[in-house]
Each structure stands twice: as C-alpha cells, then as structure tokens.
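Open the model in your viewer and keep the selection panel at hand. Each stop below says what to select and what is there.

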Amino acid sequence: MTPIDHTLFHALQRCGLIAILRGIQPHEAEPIGQALYDAGFRIIEVPLNSPEPLSSIRALRNVLPADCVVGAGTVLSAQDCADVAEAGGQIIVMPHSDAAVIRAARAAGLACAPGVATLTEAYAALAAGASLLKLFPAEALPPSVLKAWRAVIPPSVALAPVGGIAPESIAAYAAAGASGFGLGSALYRPGNGAADVARKAVAFIQAWHEAYGMARTCGQGTAPGAAAAAPAARPPLNAATVS
C-alpha cells in the first residue's frame with residue numbers, strides 16, 4: 001500500500017463524502033476548500049473541465065492539511081494524470097474505466113477512482129489497480145443494484161455512488177452497502193460562495209451521521225440526534241480497499 005493509499009483509506013474512514021467542485025475558479029478554491037474541511041470533508045476533487053483546474057488543485061493542496069486528499073475529476077488521459085501529479089494532486093477520478101488511465105495514475109503515485117456501471121467494468125478496474133470504484137451515474141445504479149453488487153464484490157472494496165446524490169439519498173445507499181458518495185451540484189455550483197457551500201456541507205454531514213453513526217469522526221461536533229442514530233451496516237474497509 002502506497003502513502004496516498006494510506007491517506008485515502010483514512011479519509012474514507014473519517015468521512016466518505018467526496019466534494020466535486022466542478023466550475024470552481026482558482027481564487028475561490030482556498031475559502032471553499034477551507035469551509036469543506038472545517039465541515040468534515042476529507043476528499044475534494046476539481047474536475048478538469050473547470051476553469052484553470054490545475055491552479056485550483058494547487059491552491060487547495062497548499063492550504064489544506066495533509067489528511068485531506070485533493071485531486072482531479074473528469075480525467076480522460078494518461079497525460080492528465082501526469083499534469084495532476086505535477087500540480088500536487090493525489091487522486092484521479094474518472095467518468096469511465098480506461099485501464100490505461102488507471103495504470104498511468106498508479107504509475108504517477110496517485111490513487112484512482114474510475115467510473116463503473118457494470119460488474120464487468122468493476123472487476124476490470126480493480127485488476128488495473130483502482131483504489132475505489134465510482135458507481136456512475138448513480139441515477140442508473142439505485143440502492144437495489146448496489147446491494148446486488150455487494151453480494152459478489154468483497155466488502156473491503158470501497159463503492160461510492162456519484163451522480164444526483166442529495167442528503168436524502170444517503171440512507172438508502174448506506175443500507176445497501178455504499179462506502180462513500182461523490183457530491184456534485186447539490187453541494188457546489190459555480191458562483192456559490194464559501195458560506196453557501198458550508199451550509200450545504202452541514203446538511204450532508206448530518207445525513208452521513210444519521211446513516212453511519214459517525215458523529216464523532218466526521219465534522220466538527222455532534223449533530224442533533226446523531227449520537228442516538230443506529231449505524232448502518234457499512235462494509236468494513238481495510239487494507240484491501242486500496243491496492
């Protein structure tokens with residue numbers, strides 16, 4: 001297990017909410033990243049189809065503590081992986097499952113979360129070295145599908161639905177075996193300020209607390225009612241989660 005795998009593993013254990021900042025501009029990255037970190041987020045991605053994404057990744061990496069994983073989304077090529085690594089990124093998030101890109105990310109010392117929509121893609125991505133699996137788009141992969149996947153995918157493999165996830169979506173996916181979630185426009189839209197993002201982040205953290213009983217490890221305090229919430233049957237993550 002590489003150093004970034006260790007960092008990603010602990011970030012997922014602390015809080016499996018992944019912030020997707022599509023459209024963010026470099027001058028916004030620091031205050032929004034800090035607001036997310038203060039709320040309890042420990043994984044943040046900037047999609048490469050954002051304005052000056054590498055500058056935003058560099059700004060986030062420079063300002064946030066080492067226990068926060070920063071990287072890029074919408075990564076489509078091996079060259080993108082090299083560029084993200086040079087900017088200080090640590091994780092590559094893909095909309096697809098191209099083995100060449102996964103291998104390039106791993107060769108660059110980065111974690112990798114490819115997008116998969118079938119079990120065939122999922123197993124191919126794991127064979128290529130995926131660190132976790134992004135179930136995308138989640139709208140087409142409801143909790144019933146994730147539950148079926150869990151019958152044949154080892155519980156140590158992290159599964160993160162992405163696409164259309166809102167706070168009210170989390171409980172059903174958690175019960176089905178989700179390890180984390182990628183959060184897009186329900187958390188951040190271009191033009192949102194740090195205060196807007198912080199407010200939305202609190203709602204997601206509350207939903208995480210209620211679904212997983214993680215109030216003491218995710219966020220800056222105990223959410224109302226979280227301590228009494230019964231934890232969902234969350235798949236145990238261990239060293240096999242990230243390989």
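Start with the open sheet of three strands, ordered β6-β7-β8 with parallel pairing. This is a predicted model. Select β6 (115-116) and β8 (159-161): they stand at the edges, each with a single partner strand, so one side of each has no neighbour in the sheet. Now add β7, residues 133-135; two bridges join β7 to β6, and the two strands run parallel. For one exact register point, pick G115: its bridge partner in β7 is K134.

**Overall view**

Zoom out and colour by secondary structure. The protein has nine helices and nine strands. Colour by accessibility next: of the 243 residues, 54% are buried. Then turn to contacts. Among those with a separation of 6 or more, 62% are between residues 24 or more positions apart.

One long-range pair is quick to check. Select T2, in the segment before α1 (3-14). Measure from its C-alpha to that of A111: the distance is 8.9 Å, although T2 and A111 are 109 residues apart in sequence. Is T2 buried, partly exposed or exposed? T2 counts as partly exposed because its relative accessibility is 33%, and the buried class ends under 20% while the exposed class begins over 50%.

**Strand β1 and its neighbours**

Select β1, residues 17-20. In a regular strand, side chains alternate between the two faces of the sheet. Here L17 and A19 lie on one side and I18 and I20 on the other. All four are buried, and both faces of β1 are covered.

Which strands pair with β1? One is β9, residues 181-183, which runs parallel to β1 and is joined to it by three bridges. Pick A19 to find its bridge partner in β9, L183. Another is β2, residues 43-47, also parallel to β1 over three bridges. Here I20 has E45 of β2 as its bridge partner. Now trace the chain from β1 to β2: it crosses through helix α2 (residues 26-39), and this β-α-β crossover is right-handed.

**Helix α2**

Stay on α2. It has 14 residues. From first C-alpha to last it reaches 21 Å, close to the 20 Å expected at 1.5 Å a residue.

Which residues of α2 are buried? Select E28, A29, I32, G33, A35, L36, Y37 and A39. An α-helix has 3.6 residues a turn, so residues three or four places apart point the same way. Show what surrounds the buried residues of α2: the cover includes β1, β2, α3 (53-63) and α9 (194-212).

Step past the end of the helix. G40 follows α2, and its phi is positive, near 125 degrees. Go on to R42, in the loop between α2 and β2. R42 counts as buried because its relative accessibility is 2%. Show its side chain together with that of D67: a polar contact of 3.3 Å joins the two.

**The aromatic cluster**

Hide everything but the rings of Y173, F181, W208 and Y212. Ring pairs link these four into a cluster. The structure holds three aromatic pairs. A pair of aromatic rings is described by the distance of the centres and the angle of the planes.

Begin with Y173 and F181. Their ring centres are 6.2 Å apart and their planes are at 75 degrees, so this pair is edge-to-face. Both Y173 and F181 are buried.

Move on to F181 and W208. This pair is edge-to-face too, with 6.4 Å from centre to centre and 85 degrees between the planes. Why does this pair tie together separate parts of the chain? F181 lies in strand β9 and W208 in helix α9, so the pair links parts that are 27 residues apart in sequence. W208 is buried, as is F181.

**Last stop: Q206**

Stay in helix α9 and select Q206. Is Q206 buried or exposed? Q206 is buried, because its relative accessible area is 18% and the cut-off is under 20%. Finish by showing the side chain of E210: the side chain of Q206 makes a polar contact with it, at 2.5 Å.

Definitions and conventions. Residues numbered from 1 in each chain as written. Predicted model: local features only at pLDDT ≥ 70, side-chain atom pairs only at ≥ 80, totals over all residues. Heavy atoms only, no water. Buried < 20%, exposed > 50% of the residue type's maximum accessible area, 1.4 Å probe, protein only. Pairing = 2+ DSSP bridges. Right-handed = clockwise from strand over helix to strand, strands pointing away. Expected span 1.5 Å × (residues − 1). Contact = heavy atoms within 4.5 Å. Polar contact = N/O pair within 3.5 Å; in protein donor to acceptor, adjacent residues only side chain to side chain. Phe/Tyr/Trp six-rings, centres within 6.5 Å; stacked < 30°, edge-to-face > 60°.
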